[in-house]
Every structure is written in structure tokens, then in C-alpha cells.
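Here's a quick tour of a model for anyone who likes to poke at burial, pockets and odd backbone angles. Have the coordinates open as you read.

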Amino acid sequence: MEPGAEVPGDGRPDDFVQSVGRAMRVLEVVGREPGLPVKAIARKCDLNISTSYHLVRTLAYEGYLVRLPNGTYVIGETVARRFHDLVTSLERPPAAPVVLHQLSERVGLSSYLGLLQDGRVTVVELAEAPGSPYLEDFEVGLDVAAHATALGKALLVGMTPRQRHRFLATHELRPFTSRTRTDVDDLEAELGAVRAHAPVSEHGEFRDGVSCTAALVPRPSAEVPAWAVVVAVADEEVSERIATEVTLAAADLAGSVTH
């Protein structure tokens, strides 16, 4: 989603297809708790046993579920292929792999590129380095909390105050640590005070003992997606040198976008 776009509504569509919704619920339940028998799937999805058998057999036939020898089910390889399709489809600046690799070499830390799209902050590219703390949520294709991470905050800074307020008001502000800001007005005040194209940092809001700094990639036009670059350090602060390098990398990425 671009900074100037409205956050899509969460209401149930008038043409909602119940069988599709039920199949998605089955996949979500099995994904969270692999190794469930059909009766347990039915109970957790609030479905009758006959409907559950039909859904599970269909999903297994299509490769989205796999039946184990003991009669329980796990997620199938087709889900992995669809995830690969998602990652491949995510937009990123042409120079992203090179710029992130160079940034990681300069600062000795893993660097990430995030995209704001359809109301979600998603990691679309990364370059690993041994000096960084491991953040399991920061994998390509995974959604990242917007309110608690420097990556998300940098992208939120690119919105107008009205759009940002709507975004924050319609998303769960989960407390990841005791420092996580969960009050919309507090977040508005913090983000509204950030200067244009200045780096955005957070200290222990997403993980205790971890600080991150991010910079919004300047956009040549409203048609270009909103991206941001971020690095994380296992410390209470991020040095000014690292923040400067992140900002320069974001500017380099902007220079590689031609539309």
C-alpha cells in the first residue's frame, strides 16, 4: 500500500464464498498445529466432521495438506510453492540486492528492505552479516509489526497524518516488550516529529536489548511503492555512523528506480 492510499476495509464481502473461507481456516489451523487428525481439525475450525473430511481430502489431493501414516495431517509442499510465488511477486528496486550487500559490508550488520503494501509491512529483500542479532520475523515474505519496528515506523512516516492515524487505529498495537508504544496518540506524536528523509530508530520496542534504525526510500512519484531500509544491532543505541549509512543506502535505492 502506498502512503497516500486508504487502508482497505476489513469487512466481510457480500460475495464471500464459505467453502473457500473454511478451507483457509483448515490450512491456518494445521499450519499452527501440525499433526492433527480430522476430528481435531473439525473441532478447532468449528466445522462438522463431514464438511471437514471433504475439505481435508480436497486440500490433500491438491497438495496443500499431506496425510501422515498415523492419519494426521501437516502442511504440504504446494503451500511452500505458493509462498515462493508470493516472494517472487514482491516489488523491490532493481538495485536492492547490490545496495543491501554493500550496506551490510560497510556496517557489519544484516540489512533488510521492507515494503508497505495492502496494509502490511513485508520484508522483500535481505543481506545477512554475522554481526547482527537474529530476528525471526525478518525473513523475506514475512509480515513485520509496523508500530514496534524501525522498519514499520519509517514507512508510517511516509504517510500523511490522516492516513497514519487510520492505519494505526485499524491495526492491533501488540506489546512486544515493556517499551513498545501501544497508544495511538503517542505513536502519532513520535512519528509526526520525524523530519522528512531522516532515519527512524527504536530501542528495545520489538526485542529487548535490540535497537534498529531505518530510512524511507525517497519516492520519485506516487506510483512507486513505499520501501524502507533497516539494520538491527544488539545494543541500546544505534551509532550515528550506522544511521547515516542506512540513509545513504535508501538514497542509492531511490536512484535505481526509474518509474
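Let's start with a helix that has hardly any view of the outside. This is a predicted model, and in it eight of the eight residues of H6 are buried, so H6 is largely enclosed by the rest of the structure. The residues in question are Ala150, Leu151, Gly152, Lys153, Ala154, Leu155, Leu156 and Val157. Note that Lys153 is on that list of buried residues too.

H6 also turns up in the story of another helix, H8. What covers the buried residues of H8 includes helix H6 (150-157), along with helix H7 (161-169) and strand S6 (200-203). Helix H8 spans residues 184-192, and its buried residues are Leu187, Glu188, Glu190 and Leu191. Looking down the axis of H8, you find these buried residues within an arc of 165°, so they line one face of the helix. As background, an α-helix has 3.6 residues a turn, so residues three or four places apart point the same way. Over on the other side of H8, Asp185, Ala189 and Gly192 are exposed. The N-terminal end of H8 has a cap as well: Asp183 puts a side-chain oxygen 3.1 Å from the backbone nitrogen of Asp185.

Now for the empty space. What is the volume of the largest pocket? It comes to about 360 Å³. There are 15 residues lining the largest pocket, and Val144, Ala145, Ala146, His171 and Glu172 are the closest to its centre. Strand S4 (120-127) and strand S5 (143-144) are the elements that give two or more residues to that lining. By class, the lining is a mix of seven nonpolar, three polar and five charged residues.

Two single residues are worth a stop, and they sit at opposite ends of the burial scale.

| Residue | Where | Relative accessible area |
|---|---|---|
| Asp46 | loop between H2 (38-45) and H3 (49-61) | 70%, exposed |
| Ala250 | helix H9 (240-255) | 1%, buried |

Asp46 has a backbone quirk: its phi is near 60°, a positive value in a residue other than glycine.

Which residues does Ala250 touch, leaving aside its neighbours within four places in sequence? Ala250 is in contact with Ala215, Leu216, Val217, Pro218 and Val229. There's also a long jump in sequence to look at: Ala250 and Leu103 are 147 residues apart along the chain, yet their C-alpha atoms are 9.9 Å apart in space.

Definitions and conventions: Residues numbered from 1 in each chain as written. Predicted model: local features only at pLDDT ≥ 70, side-chain atom pairs only at ≥ 80, totals over all residues. Heavy atoms only, no water. 1 Å grid on protein atoms, 1.4 Å probe; cavity = no way out; pocket = protein on both sides within 12 Å on 5 of 7 lines; lining within 4 Å. Points joined across faces, edges and corners; volume = space filled by probe spheres on them. Helix = DSSP H or I, 4+ residues; strand = E, 2+ residues; numbered from the N terminus. Nonpolar A, V, L, I, M, F, W, Y, C, P; charged D, E, K, R; others polar. Buried < 20%, exposed > 50% of the residue type's maximum accessible area, 1.4 Å probe, protein only. Arc of directions from axis to C-beta. Contact = heavy atoms within 4.5 Å. Polar contact = N/O pair within 3.5 Å; in protein donor to acceptor, adjacent residues only side chain to side chain.
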